[in-house]
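Hi everyone, thanks for making time this morning. I'd like to walk you through one structure, so please have it open in front of you.

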Amino acid sequence: MAGDDFNITACNGKIIGARHYVTGTARDRSGHGTHVASTAAGAAVEKASYYGLASGSCRGGSERARIAVYKACDDSLFCKGSHMLSAFDDAIRDGVHIISVSSVPYKVRRSPYFLMDPGAIGAFHAAVERGITVVGGAGNSGPKSATIFNDAPWIITVGASTIDRVFQADVTLGGGAGVVKGEWLTFPNLDRSPIYPLTDGRTAKDGNASYLAASDCQQDSLKREKTEGKIVICEVKGKDPTINLLTQANEVQGKGGLGMILVDDVTRMVAEYSGDFPVTVVSSREAVKLKSYLNTTREPLATILPTVTVGNYRPAPQVSYFSSRGPSVNLPNVIKPDVMAPGVSILAAWIGDDSESTPKGRKPPSFNIISGTSVSCPHVAGAVAAIRAAQPSFSPFAIKSAIMTTAFVTNNVGSQITTDAGEEATPYDLGAGELNPTGSLNPGLVYEATTRDYLLFLCYYGYDTSTVRLISRAARSLNFSCPLNSNPDLVSNLNYPSMAVRLAPNQTRTITRGLTNVASDGNWSYTATIRFGGGNDQGLRSEVGVQVSPEKLCFANKGERHLFNVTFTSTGPIDVDRVVFGWITWTNPRFKVRSPFVIVGSIAE
């Protein structure tokens, strides 16, 4: 689809189609689309880097896949619902195999949820009715719970994790006092020796400002005579959402400061480039040494060093603080997100003419480092392409199962994956775990689902027969009708690769799942084990039971399917805000098929 600065010659062996719906061109103006597309399916490029950072060979998750672009959002990344639905319709007609959606619906939270979310409706038509796998970002509203987006069960919902690489921008202290570790993307025009006076916002307070505002380095809180020619330490103590690193750096720079050291455990986790003004971010732990030096030295001096790449960081992965968390407000009986993938400080292709990402005196970058679940989403889309190539008979739901049941739940130090705060991650944080691109190519068993299963889901969710037929062409062609006993608790019986149930006091609930053998013909025997997460409330853990029946499944032929039941029992009162989680794993010497479960307390009827 021709447009401004984009015509048919822009398509090639990699980009084979492009459409636009709002801006007059399919060409990417912000860099976001280029970054996510290259992450999913970019060709291999040697010596890629962001001005020498994260240097090496760079390629997409499925470098042989081809890309069709549907630009449904404007250059500020606002996505109008009608444009999203049009893009889904066009992609379906064009015959794509995978749809990667690095955006979230706006103001769509509660019933009649699916009818008000064009993305969910478009994804339903693609995944349930046309066999097209749809992958979506979980959203960047974490770490608060119940913030998940793209939570329709026919979408693979992806959270964001860290990787074992950080971008270190240290502070060297004067007088041989040592180094304070910082993280950020900065290219400071400062001497590498600690020759610059050091102060903090509280000391540099303007007379009219509060000490809290000055400590935060809020706008108009610092006095020029106290900051000019100095590196200023700013500390995040307030809760004002309008205060961020850029506004703080602007205040320091505007008052003549030479650089800023920000103390913030959250911001430190996501390194970004924020302009030519020298900035680094240190943890509260590292800040102890920094403050001690400042408060005990007559003439404290420091400098901020240029960023360097540090690999083999431990522990990794962790759940990023910004990654949206479950449970789903709309769908408590399905665990979301489904899985997590790298989404923090990821290097990928860029538009090549972005002045905001270009340090002074340098050419615009061909690669850039950004973060978000928009970035983690195409990692999974690339893995889906690889699975589809290796297993062409897999449905979107078999592919989802392969990704979820083979996901990693341990980090690079052999411990359970944690959040960025160091707490053991629950399925509401990481879903089934961290993407395992190679393991998902041959999962052994899959939780398969059909179009009818998802029509029943719509009934259980609360829609009547006429509404289901309005949503689904398949329901109309099959003359489908909702069962009379439809109720939300039956959602737990959807043949999903994770399990979520609500239990009232002294209640027993049994749900059914089916596993299909996708390995070769032969004698495949699996045994079930149950493991509870270590972070569970131990008082609640003693009040519930989980039992699998049968405990052993045997498969002789490829395509053979067996059912099993999981019985969840509460033996005492359960508060509605308390959760138990764990994993049910089917194991043999070749495969491990792992499914997370969550038990949520509910009020007895």
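I'll talk about the cysteines and then about some strands.

Please keep in mind as we go that this is a predicted model. Let's start with the cysteines. How many disulfides does the model have? The count comes to three. For anyone who wants the chemistry, a disulfide is a covalent bond between the sulfur atoms of two cysteines. If you count the bonded cysteines along the chain, the pattern is 1-2, 3-4, 5-6.

Let me take the pairs in turn. C73 is joined to C79, with an S to S distance of 2.0 Å. The torsion about that S-S bond is about 100 degrees, so this disulfide is right-handed. And are these two cysteines buried or exposed? Both C73 and C79 are buried.

The next pair is C217 with C234, again a disulfide, and here S to S is 2.0 Å. This link has -90 degrees about the S-S bond and is left-handed. Now have a look at where the two ends sit. C217 is in the loop between α4 (211–216) and α5 (224–227), while C234 is in strand β12 (residues 231–235), so the disulfide ties together parts that are 17 residues apart in sequence. As for burial, C217 has 0% relative accessibility and counts as buried. C234 is likewise at 0% and counts as buried.

That brings us to C459 and C482, which form a disulfide with their sulfur atoms 2.0 Å apart. The torsion there is -75 degrees, and the link is left-handed. This pair connects distant parts of the chain: C459 belongs to helix α11 (residues 451–461), and C482 to the loop between α13 (473–477) and β23 (499–503), 23 residues apart. C459 is buried, with a relative accessible area of 4%. C482, at 16% relative accessibility, counts as buried because the cut-off is under 20%.

What about cysteines outside these pairs? C58 is in no disulfide, and the nearest cysteine sulfur, which belongs to C377, is 17 Å away. C58 counts as buried at 15% relative accessibility. For C377, the closest cysteine sulfur is in C73, at 12 Å, and that is too far for a bond. C377 is also buried, at 0% relative accessibility.

Now, over to the strands. Which strands make up the open sheet? There are four, in the order β22-β24-β28-β26, and the pairing is antiparallel. β22 (445–446) and β26 (544–549) are at the edges with a single partner strand each, so one side of each has no neighbour in the sheet. If you zoom in on β26, you'll find six bridges joining β26 to the antiparallel strand β28 (residues 561–570). To pick out one position, Q547 has T567 in β28 as its bridge partner.

My last stop is β27 (residues 552–555). β27 is joined by four bridges to strand β25 (residues 524–532), and the two run antiparallel. Here S525 has C554 in β27 as its bridge partner. In a regular strand the side chains alternate between the two faces of the sheet. You can follow that along β27: L553 and F555 point to one face and are buried, whereas K552 and C554 point to the other face and are not.

That's my tour, and I'm happy to take questions.

Notes:
Residues are numbered from 1 along each chain as its sequence is written. This is a predicted model: local features need pLDDT of at least 70, side-chain atom pairs count only at pLDDT 80 or more; totals for chains, interfaces and linings use all residues. Side-chain values use heavy atoms; hydrogens and water are left out. Two strands pair if DSSP finds at least two bridges between them. Buried means under 20% relative accessible area, exposed over 50%, partly exposed in between (1.4 Å probe, protein chains only). A disulfide is a pair of cysteine sulfur atoms within 2.5 Å.
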